[in-house]
Amino acid sequence: MRSLATAAPSSWKGHIMTITRVFSGYQPTGRLTLGNLLGSIRPAVALQDRAECLYAVVDLHALTVQHDPAALRARTIEAATLLRACGLDRSIGYLQSQVTAHAELAYLLECTAHVGELQRMIQYKQKAGQARVNRVSLLTYPVLMAADILVHRTDLVPVGDDQRQHLELTRDLAVRFNRSYGEVFTVPDGVHPPLAARVMDLAEPTVKMSKSTTSDAGVIHLLDPPEQIRAAVARAVTDSEGQVRYDPDTKPGVSNLLAILSACTGVAPDQVAPSSYRALKAEVAEAVVEMLRPIQDRYRHLAADPADTERFLVDGAARAAELAAPVLAAAQDAIGLVPAGRGLPVYGGVGN
Ligand code: AMP
Ligand code: TRP
(Lines give C-alpha, C1' and ligand atoms only; values in the text may rest on other atoms or scores of the structure.)
(Ligands and ions follow the chains in the order given, each with its own letter.)
Protein backbone atom coordinates (compact mmCIF):
# COMPACT_ATOMS: atom_id res chain seq x y z
CA MET A 1 0.00 0.00 0.00
CA ARG A 2 1.28 3.42 -0.91
CA SER A 3 0.09 6.74 0.39
CA LEU A 4 -1.60 9.01 -2.12
CA ALA A 5 -1.95 11.94 0.21
CA THR A 6 0.31 14.16 -1.86
CA ALA A 7 -0.83 13.30 -5.35
CA ALA A 8 -4.59 12.80 -5.06
CA PRO A 9 -6.58 14.61 -7.76
CA SER A 10 -9.63 16.55 -6.57
CA SER A 11 -12.05 13.80 -7.63
CA TRP A 12 -10.64 11.53 -4.93
CA LYS A 13 -10.77 14.03 -2.09
CA GLY A 14 -12.62 12.84 0.92
CA HIS A 15 -12.12 9.16 0.30
CA ILE A 16 -9.44 6.60 -0.22
CA MET A 17 -5.96 7.86 0.46
CA THR A 18 -4.19 4.53 0.54
CA ILE A 19 -4.84 2.77 -2.70
CA THR A 20 -3.81 -0.70 -3.56
CA ARG A 21 -5.70 -1.63 -6.71
CA VAL A 22 -7.13 -0.22 -9.89
CA PHE A 23 -9.04 -2.26 -12.50
CA SER A 24 -10.50 -1.27 -15.84
CA GLY A 25 -12.02 -3.25 -18.71
CA TYR A 26 -12.37 -2.68 -22.45
CA GLN A 27 -14.71 -4.63 -24.70
CA PRO A 28 -13.42 -5.87 -28.04
CA THR A 29 -16.83 -5.37 -29.66
CA GLY A 30 -15.36 -2.84 -32.08
CA ARG A 31 -12.35 -0.61 -32.45
CA LEU A 32 -11.32 1.60 -29.54
CA THR A 33 -12.56 5.20 -29.78
CA LEU A 34 -11.69 8.67 -28.59
CA GLY A 35 -14.43 8.17 -25.96
CA ASN A 36 -12.59 5.14 -24.55
CA LEU A 37 -9.34 7.09 -24.45
CA LEU A 38 -10.65 10.22 -22.73
CA GLY A 39 -13.23 8.52 -20.50
CA SER A 40 -11.16 5.64 -19.19
CA ILE A 41 -7.80 4.80 -20.77
CA ARG A 42 -6.08 8.12 -19.98
CA PRO A 43 -7.30 8.19 -16.36
CA ALA A 44 -6.07 4.57 -16.02
CA VAL A 45 -2.67 5.48 -17.47
CA ALA A 46 -2.39 8.34 -14.97
CA LEU A 47 -2.98 5.99 -12.04
CA GLN A 48 -0.24 3.55 -12.99
CA ASP A 49 2.55 5.06 -10.94
CA ARG A 50 0.46 5.42 -7.80
CA ALA A 51 -1.25 2.07 -7.50
CA GLU A 52 -1.19 -1.53 -8.59
CA CYS A 53 -3.11 -1.39 -11.86
CA LEU A 54 -4.77 -4.18 -13.77
CA TYR A 55 -6.84 -4.09 -16.92
CA ALA A 56 -8.40 -6.66 -19.19
CA VAL A 57 -9.68 -6.85 -22.71
CA VAL A 58 -13.06 -8.19 -21.63
CA ASP A 59 -13.64 -10.66 -24.43
CA LEU A 60 -16.37 -12.58 -22.56
CA HIS A 61 -18.41 -9.37 -22.46
CA ALA A 62 -18.22 -9.20 -26.26
CA LEU A 63 -20.16 -12.50 -26.46
CA THR A 64 -23.31 -10.94 -25.00
CA VAL A 65 -24.45 -9.66 -28.41
CA GLN A 66 -24.32 -11.26 -31.85
CA HIS A 67 -20.70 -11.69 -32.88
CA ASP A 68 -18.40 -13.12 -35.51
CA PRO A 69 -15.70 -15.37 -33.95
CA ALA A 70 -12.90 -14.38 -36.35
CA ALA A 71 -13.67 -10.66 -36.04
CA LEU A 72 -13.78 -10.97 -32.24
CA ARG A 73 -10.33 -12.54 -32.15
CA ALA A 74 -8.89 -9.87 -34.46
CA ARG A 75 -10.46 -7.05 -32.40
CA THR A 76 -9.20 -8.60 -29.17
CA ILE A 77 -5.60 -8.66 -30.39
CA GLU A 78 -5.90 -5.15 -31.81
CA ALA A 79 -7.35 -3.80 -28.55
CA ALA A 80 -4.66 -5.47 -26.42
CA THR A 81 -1.90 -4.00 -28.60
CA LEU A 82 -3.54 -0.57 -28.76
CA LEU A 83 -4.06 -0.35 -25.00
CA ARG A 84 -0.32 -0.87 -24.55
CA ALA A 85 0.32 1.78 -27.20
CA CYS A 86 -1.91 4.19 -25.26
CA GLY A 87 0.46 3.88 -22.31
CA LEU A 88 -1.10 1.03 -20.34
CA ASP A 89 2.21 -0.81 -20.36
CA ARG A 90 3.07 -0.48 -16.69
CA SER A 91 -0.06 -2.35 -15.62
CA ILE A 92 -0.93 -6.00 -15.51
CA GLY A 93 -2.82 -6.43 -18.79
CA TYR A 94 -4.55 -9.62 -19.92
CA LEU A 95 -7.47 -11.22 -21.73
CA GLN A 96 -10.42 -11.76 -19.40
CA SER A 97 -11.21 -15.28 -20.70
CA GLN A 98 -7.69 -16.46 -19.79
CA VAL A 99 -8.29 -15.82 -16.10
CA THR A 100 -11.13 -18.18 -15.28
CA ALA A 101 -11.72 -16.71 -11.82
CA HIS A 102 -13.76 -13.93 -13.50
CA ALA A 103 -16.41 -16.33 -14.82
CA GLU A 104 -16.31 -18.45 -11.66
CA LEU A 105 -16.91 -15.49 -9.38
CA ALA A 106 -19.60 -14.19 -11.75
CA TYR A 107 -21.63 -17.32 -11.00
CA LEU A 108 -21.42 -16.76 -7.25
CA LEU A 109 -22.49 -13.15 -7.77
CA GLU A 110 -25.40 -14.31 -9.94
CA CYS A 111 -26.52 -16.13 -6.81
CA THR A 112 -26.40 -12.76 -5.03
CA ALA A 113 -27.99 -10.50 -7.70
CA HIS A 114 -31.73 -10.19 -8.33
CA VAL A 115 -33.37 -10.51 -11.75
CA GLY A 116 -35.31 -7.26 -11.19
CA GLU A 117 -32.25 -5.12 -10.59
CA LEU A 118 -30.58 -6.45 -13.74
CA GLN A 119 -33.71 -5.80 -15.79
CA ARG A 120 -33.62 -2.19 -14.60
CA MET A 121 -30.16 -1.50 -16.02
CA ILE A 122 -30.38 1.28 -18.62
CA GLN A 123 -27.87 -0.34 -20.95
CA TYR A 124 -29.76 -3.65 -20.81
CA LYS A 125 -33.05 -1.96 -21.64
CA GLN A 126 -31.48 -0.11 -24.56
CA LYS A 127 -29.71 -3.10 -26.04
CA ALA A 128 -32.46 -5.63 -25.34
CA GLY A 129 -34.92 -3.38 -27.16
CA GLN A 130 -32.82 -3.44 -30.33
CA ALA A 131 -32.82 -7.16 -31.05
CA ARG A 132 -35.53 -9.75 -31.72
CA VAL A 133 -33.90 -12.29 -29.43
CA ASN A 134 -31.46 -11.58 -26.61
CA ARG A 135 -28.75 -13.73 -25.12
CA VAL A 136 -29.15 -14.52 -21.41
CA SER A 137 -25.65 -13.09 -20.94
CA LEU A 138 -26.89 -9.64 -22.01
CA LEU A 139 -28.98 -9.60 -18.84
CA THR A 140 -26.24 -10.99 -16.60
CA TYR A 141 -23.49 -8.82 -18.17
CA PRO A 142 -23.25 -6.35 -15.24
CA VAL A 143 -22.73 -9.29 -12.87
CA LEU A 144 -19.69 -10.39 -14.87
CA MET A 145 -18.46 -6.80 -14.77
CA ALA A 146 -18.91 -6.81 -10.98
CA ALA A 147 -16.88 -10.04 -10.84
CA ASP A 148 -14.10 -8.43 -12.92
CA ILE A 149 -13.82 -5.69 -10.35
CA LEU A 150 -14.46 -7.59 -7.12
CA VAL A 151 -12.19 -10.55 -7.92
CA HIS A 152 -9.23 -8.18 -7.55
CA ARG A 153 -10.49 -6.38 -4.46
CA THR A 154 -10.32 -3.26 -6.59
CA ASP A 155 -10.37 0.15 -4.90
CA LEU A 156 -10.74 2.36 -7.96
CA VAL A 157 -12.32 1.83 -11.38
CA PRO A 158 -11.55 4.38 -14.11
CA VAL A 159 -14.73 4.44 -16.23
CA GLY A 160 -16.76 6.82 -18.36
CA ASP A 161 -20.12 8.18 -17.23
CA ASP A 162 -22.05 5.46 -19.06
CA GLN A 163 -20.80 2.88 -16.54
CA ARG A 164 -21.96 4.66 -13.37
CA GLN A 165 -25.05 2.48 -12.97
CA HIS A 166 -23.07 -0.75 -13.46
CA LEU A 167 -20.54 0.41 -10.90
CA GLU A 168 -23.32 1.20 -8.44
CA LEU A 169 -24.64 -2.34 -8.92
CA THR A 170 -21.14 -3.70 -8.31
CA ARG A 171 -21.04 -1.82 -5.01
CA ASP A 172 -24.51 -3.11 -4.05
CA LEU A 173 -23.50 -6.72 -4.80
CA ALA A 174 -20.28 -6.37 -2.79
CA VAL A 175 -22.14 -4.97 0.20
CA ARG A 176 -24.93 -7.58 -0.05
CA PHE A 177 -22.46 -10.47 -0.30
CA ASN A 178 -20.35 -9.15 2.58
CA ARG A 179 -23.44 -8.71 4.81
CA SER A 180 -24.77 -12.16 4.00
CA TYR A 181 -21.59 -14.20 4.19
CA GLY A 182 -18.81 -12.14 5.77
CA GLU A 183 -16.35 -9.49 4.60
CA VAL A 184 -14.84 -10.81 1.38
CA PHE A 185 -14.99 -7.90 -1.07
CA THR A 186 -13.68 -4.36 -1.18
CA VAL A 187 -16.41 -1.87 -2.15
CA PRO A 188 -14.96 0.01 -5.15
CA ASP A 189 -15.18 3.66 -6.21
CA GLY A 190 -15.34 5.03 -9.73
CA VAL A 191 -12.84 7.52 -11.15
CA HIS A 192 -14.46 9.74 -13.77
CA PRO A 193 -12.53 12.42 -15.64
CA PRO A 194 -13.76 15.97 -14.90
CA LEU A 195 -14.26 16.58 -18.63
CA ALA A 196 -15.11 14.25 -21.49
CA ALA A 197 -16.45 11.56 -19.16
CA ARG A 198 -19.06 11.09 -21.89
CA VAL A 199 -17.74 11.93 -25.33
CA MET A 200 -20.69 12.29 -27.68
CA ASP A 201 -21.06 11.10 -31.26
CA LEU A 202 -19.98 13.92 -33.60
CA ALA A 203 -22.84 13.27 -36.01
CA GLU A 204 -25.46 12.77 -33.30
CA PRO A 205 -24.28 14.70 -30.24
CA THR A 206 -27.12 13.55 -27.99
CA VAL A 207 -25.84 9.95 -27.97
CA LYS A 208 -22.46 8.77 -26.69
CA MET A 209 -19.66 7.99 -29.10
CA SER A 210 -19.62 4.22 -29.25
CA LYS A 211 -17.44 1.67 -30.97
CA SER A 212 -20.45 -0.49 -31.80
CA THR A 213 -22.80 2.01 -33.46
CA THR A 214 -24.15 1.14 -36.89
CA SER A 215 -22.94 4.39 -38.49
CA ASP A 216 -19.29 5.38 -38.08
CA ALA A 217 -19.79 8.93 -39.35
CA GLY A 218 -19.55 10.56 -35.92
CA VAL A 219 -17.01 8.21 -34.33
CA ILE A 220 -13.26 8.81 -34.06
CA HIS A 221 -11.33 5.55 -33.75
CA LEU A 222 -7.88 5.74 -32.23
CA LEU A 223 -6.27 4.28 -35.33
CA ASP A 224 -8.09 6.50 -37.86
CA PRO A 225 -5.70 8.30 -40.23
CA PRO A 226 -5.43 12.12 -39.74
CA GLU A 227 -7.39 13.00 -42.88
CA GLN A 228 -10.30 10.83 -41.73
CA ILE A 229 -10.28 12.52 -38.32
CA ARG A 230 -10.24 15.98 -39.92
CA ALA A 231 -13.16 15.02 -42.16
CA ALA A 232 -15.21 13.62 -39.26
CA VAL A 233 -14.65 16.75 -37.17
CA ALA A 234 -15.40 19.05 -40.13
CA ARG A 235 -18.74 17.25 -40.57
CA ALA A 236 -19.60 17.42 -36.84
CA VAL A 237 -23.16 18.57 -36.13
CA THR A 238 -23.31 21.96 -34.37
CA ASP A 239 -26.28 24.37 -34.26
CA SER A 240 -27.49 27.51 -36.00
CA GLU A 241 -26.67 29.97 -33.20
CA GLY A 242 -23.13 30.60 -34.39
CA GLN A 243 -21.75 31.34 -30.91
CA VAL A 244 -18.95 29.26 -29.43
CA ARG A 245 -19.95 28.62 -25.82
CA TYR A 246 -20.13 25.64 -23.47
CA ASP A 247 -23.72 24.66 -22.70
CA PRO A 248 -24.25 20.88 -23.02
CA ASP A 249 -28.04 21.09 -22.59
CA THR A 250 -28.84 23.54 -25.36
CA LYS A 251 -25.67 23.21 -27.46
CA PRO A 252 -24.65 19.52 -27.30
CA GLY A 253 -22.60 19.53 -30.52
CA VAL A 254 -20.51 22.62 -29.80
CA SER A 255 -20.10 21.68 -26.13
CA ASN A 256 -18.88 18.22 -27.11
CA LEU A 257 -16.24 19.78 -29.38
CA LEU A 258 -15.21 22.16 -26.58
CA ALA A 259 -14.97 19.29 -24.09
CA ILE A 260 -12.82 17.27 -26.50
CA LEU A 261 -10.56 20.25 -27.18
CA SER A 262 -10.27 20.98 -23.52
CA ALA A 263 -9.51 17.35 -22.63
CA CYS A 264 -6.80 17.25 -25.31
CA THR A 265 -5.17 20.57 -24.44
CA GLY A 266 -5.79 20.77 -20.68
CA VAL A 267 -7.33 24.25 -21.01
CA ALA A 268 -10.81 24.78 -19.45
CA PRO A 269 -13.73 24.95 -21.95
CA ASP A 270 -14.55 28.58 -21.13
CA GLN A 271 -10.91 29.52 -21.76
CA VAL A 272 -10.80 27.91 -25.20
CA ALA A 273 -13.16 30.02 -27.24
CA PRO A 274 -12.26 30.16 -30.92
CA SER A 275 -14.27 32.81 -32.74
CA SER A 276 -16.21 30.59 -35.12
CA TYR A 277 -17.42 27.00 -35.43
CA ARG A 278 -15.04 26.61 -38.34
CA ALA A 279 -12.07 27.72 -36.21
CA LEU A 280 -13.25 25.50 -33.34
CA LYS A 281 -13.41 22.47 -35.61
CA ALA A 282 -9.96 23.18 -37.04
CA GLU A 283 -8.50 23.37 -33.51
CA VAL A 284 -10.29 20.21 -32.36
CA ALA A 285 -9.11 18.26 -35.40
CA GLU A 286 -5.47 19.28 -34.90
CA ALA A 287 -5.56 18.64 -31.14
CA VAL A 288 -6.96 15.13 -31.67
CA VAL A 289 -4.57 14.31 -34.52
CA GLU A 290 -1.60 15.44 -32.41
CA MET A 291 -2.77 13.51 -29.35
CA LEU A 292 -3.22 10.33 -31.39
CA ARG A 293 -0.01 10.61 -33.42
CA PRO A 294 2.38 9.10 -30.81
CA ILE A 295 -0.20 6.43 -29.94
CA GLN A 296 -0.51 5.41 -33.59
CA ASP A 297 3.30 5.37 -33.95
CA ARG A 298 3.66 3.12 -30.91
CA TYR A 299 0.86 0.90 -32.15
CA ARG A 300 2.62 0.33 -35.48
CA HIS A 301 5.83 -0.48 -33.62
CA LEU A 302 4.12 -2.95 -31.25
CA ALA A 303 2.00 -4.54 -33.97
CA ALA A 304 5.18 -5.43 -35.85
CA ASP A 305 6.12 -7.80 -33.02
CA PRO A 306 2.98 -9.71 -31.95
CA ALA A 307 5.04 -12.19 -29.93
CA ASP A 308 5.96 -9.38 -27.55
CA THR A 309 2.30 -8.52 -26.86
CA GLU A 310 1.56 -12.22 -26.49
CA ARG A 311 4.24 -12.50 -23.79
CA PHE A 312 2.87 -9.40 -22.09
CA LEU A 313 -0.62 -10.95 -22.03
CA VAL A 314 0.54 -14.39 -20.90
CA ASP A 315 2.53 -12.85 -18.02
CA GLY A 316 -0.41 -10.59 -17.21
CA ALA A 317 -2.87 -13.48 -17.10
CA ALA A 318 -0.56 -15.51 -14.84
CA ARG A 319 -0.15 -12.62 -12.40
CA ALA A 320 -3.87 -11.75 -12.46
CA ALA A 321 -4.80 -15.40 -11.82
CA GLU A 322 -2.44 -15.45 -8.84
CA LEU A 323 -4.02 -12.31 -7.39
CA ALA A 324 -7.59 -13.49 -8.04
CA ALA A 325 -7.26 -17.04 -6.66
CA PRO A 326 -7.35 -16.23 -2.92
CA VAL A 327 -10.28 -13.84 -3.38
CA LEU A 328 -12.28 -16.44 -5.31
CA ALA A 329 -11.43 -19.05 -2.66
CA ALA A 330 -12.54 -16.68 0.11
CA ALA A 331 -15.85 -16.09 -1.68
CA GLN A 332 -16.38 -19.84 -2.26
CA ASP A 333 -15.59 -20.54 1.36
CA ALA A 334 -17.87 -17.79 2.67
CA ILE A 335 -20.84 -18.85 0.55
CA GLY A 336 -20.59 -22.47 1.76
CA LEU A 337 -18.62 -24.26 -0.96
CA VAL A 338 -15.53 -26.30 -0.25
CA PRO A 339 -12.60 -24.60 -2.01
CA ALA A 340 -10.28 -27.10 -3.68
CA GLY A 341 -7.10 -28.09 -1.90
CA ARG A 342 -7.95 -26.92 1.61
CA GLY A 343 -8.69 -30.33 3.11
CA LEU A 344 -12.09 -31.47 4.41
CA PRO A 345 -11.61 -31.81 8.20
CA VAL A 346 -11.46 -28.04 8.83
CA TYR A 347 -15.13 -27.82 7.97
CA GLY A 348 -16.20 -30.21 10.76
CA GLY A 349 -19.57 -31.95 10.88
CA VAL A 350 -23.08 -30.74 10.10
CA GLY A 351 -26.31 -30.60 12.04
CA ASN A 352 -25.04 -29.28 15.38
P1 AMP B 1 -16.47 -0.03 -23.76
O2 AMP B 1 -16.14 0.59 -25.08
O3 AMP B 1 -17.94 -0.08 -23.57
O4 AMP B 1 -15.78 -1.30 -23.51
O5 AMP B 1 -15.92 0.97 -22.67
C6 AMP B 1 -14.64 0.94 -22.11
C7 AMP B 1 -14.44 2.15 -21.24
O8 AMP B 1 -14.53 3.36 -22.00
C9 AMP B 1 -15.51 2.29 -20.15
O10 AMP B 1 -14.90 2.81 -18.99
C11 AMP B 1 -16.47 3.29 -20.72
O12 AMP B 1 -17.18 3.99 -19.73
C13 AMP B 1 -15.54 4.20 -21.46
N14 AMP B 1 -16.24 4.86 -22.57
C15 AMP B 1 -16.83 4.24 -23.64
N16 AMP B 1 -17.40 5.14 -24.47
C17 AMP B 1 -17.18 6.37 -23.91
C18 AMP B 1 -17.52 7.71 -24.29
N19 AMP B 1 -18.19 7.97 -25.41
N20 AMP B 1 -17.11 8.72 -23.48
C21 AMP B 1 -16.41 8.47 -22.35
N22 AMP B 1 -16.06 7.23 -21.93
C23 AMP B 1 -16.44 6.19 -22.69
N1 TRP C 1 -18.93 -2.78 -19.06
C2 TRP C 1 -17.84 -1.95 -19.46
C3 TRP C 1 -18.26 -1.11 -20.65
O4 TRP C 1 -19.10 -1.49 -21.41
C5 TRP C 1 -16.60 -2.76 -19.76
C6 TRP C 1 -16.15 -3.48 -18.54
C7 TRP C 1 -16.30 -4.80 -18.28
C8 TRP C 1 -15.51 -2.90 -17.42
N9 TRP C 1 -15.78 -5.09 -17.06
C10 TRP C 1 -15.28 -3.96 -16.50
C11 TRP C 1 -15.11 -1.61 -17.09
C12 TRP C 1 -14.68 -3.74 -15.27
C13 TRP C 1 -14.50 -1.40 -15.85
C14 TRP C 1 -14.29 -2.45 -14.95
O15 TRP C 1 -17.72 -0.06 -20.84
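Visitor: What makes the pair formed by Gln163 and ligand 2 a polar contact?

Guide: This is a predicted model, and in it a polar side-chain atom of Gln163 sits 3.1 Å from a nitrogen atom of ligand 2. The cut-off for two N or O atoms is 3.5 Å, so the pair counts as a polar contact.

Visitor: Which other side chains have an N or O atom that close to ligand 2?

Guide: Tyr141 has a polar side-chain atom 2.6 Å from a nitrogen of the ligand, and Gln27 has a side-chain N or O atom 2.8 Å from one of its oxygens. Both values fall within 3.5 Å, so these count too. Of the 370 Å² that ligand 2 exposes when taken alone, the protein buries 92%.

Visitor: How do you know which element gives the most to the shell around ligand 2?

Guide: A residue joins the shell if one of its heavy atoms lies within 4 Å, and 13 residues do so for ligand 2. α6 gives the most, with four residues. Both β3 (21–26) and α6 supply at least two. By class, the shell has seven nonpolar, five polar and one charged residues.

Visitor: Why is Val199 listed as a polar contact of ligand 1, given that Val is classed as nonpolar?

Guide: Because the contact rule looks at N or O atoms, not at the residue class. A polar backbone atom of Val199 is 2.8 Å from a nitrogen of ligand 1. Met209 also uses its backbone, with an N or O atom 2.9 Å from a ligand nitrogen. Asp162 brings a polar side-chain atom to 2.5 Å from a ligand oxygen. On its own, ligand 1 has 480 Å² of accessible area, and the protein covers 94% of that.

Visitor: What surrounds ligand 1?

Guide: A shell of 19 residues, with Gln27, Gly160, Asp162, Val199 and Lys211 the closest. α1 gives the most, four residues. Sorted by class, there are seven nonpolar, eight polar and four charged residues.

Visitor: Now the empty space: what makes a void in here a cavity?

Guide: A 1.4 Å probe has to fit but be unable to get out. With 30 Å³ as the lower limit, the count is one. Its volume is about 60 Å³, so it passes that limit.

Visitor: How do you know which residues line the largest cavity?

Guide: Lining residues have an atom within 4 Å of a cavity point. Among them are Met121, Tyr141 and His166. α5 (122–130) and α6 (136–150) each supply at least two.

Note on methods: Residues are numbered from 1 along each chain as its sequence is written. Chains are lettered from A and ligands numbered from 1 in the order in which they are written. This is a predicted model: local features need pLDDT of at least 70, side-chain atom pairs count only at pLDDT 80 or more; totals for chains, interfaces and linings use all residues. Side-chain values use heavy atoms; hydrogens and water are left out. On a 1 Å grid over the protein atoms alone, a cavity is a set of points where a 1.4 Å probe fits but cannot get out, and a pocket is an open set with protein on both sides within 12 Å along at least five of seven lines; lining residues have an atom within 4 Å of a point. A polar contact is a pair of N or O atoms within 3.5 Å; within protein, one must be able to donate a hydrogen and the other to accept it, and residues adjacent in sequence count only if both atoms are side-chain atoms. Accessible areas come from the Shrake-Rupley method with a 1.4 Å probe; for residues, only the protein chains shown count as cover. Ala, Val, Leu, Ile, Met, Phe, Trp, Tyr, Cys and Pro count as nonpolar, Asp, Glu, Lys and Arg as charged, and the others, Gly among them, as polar.
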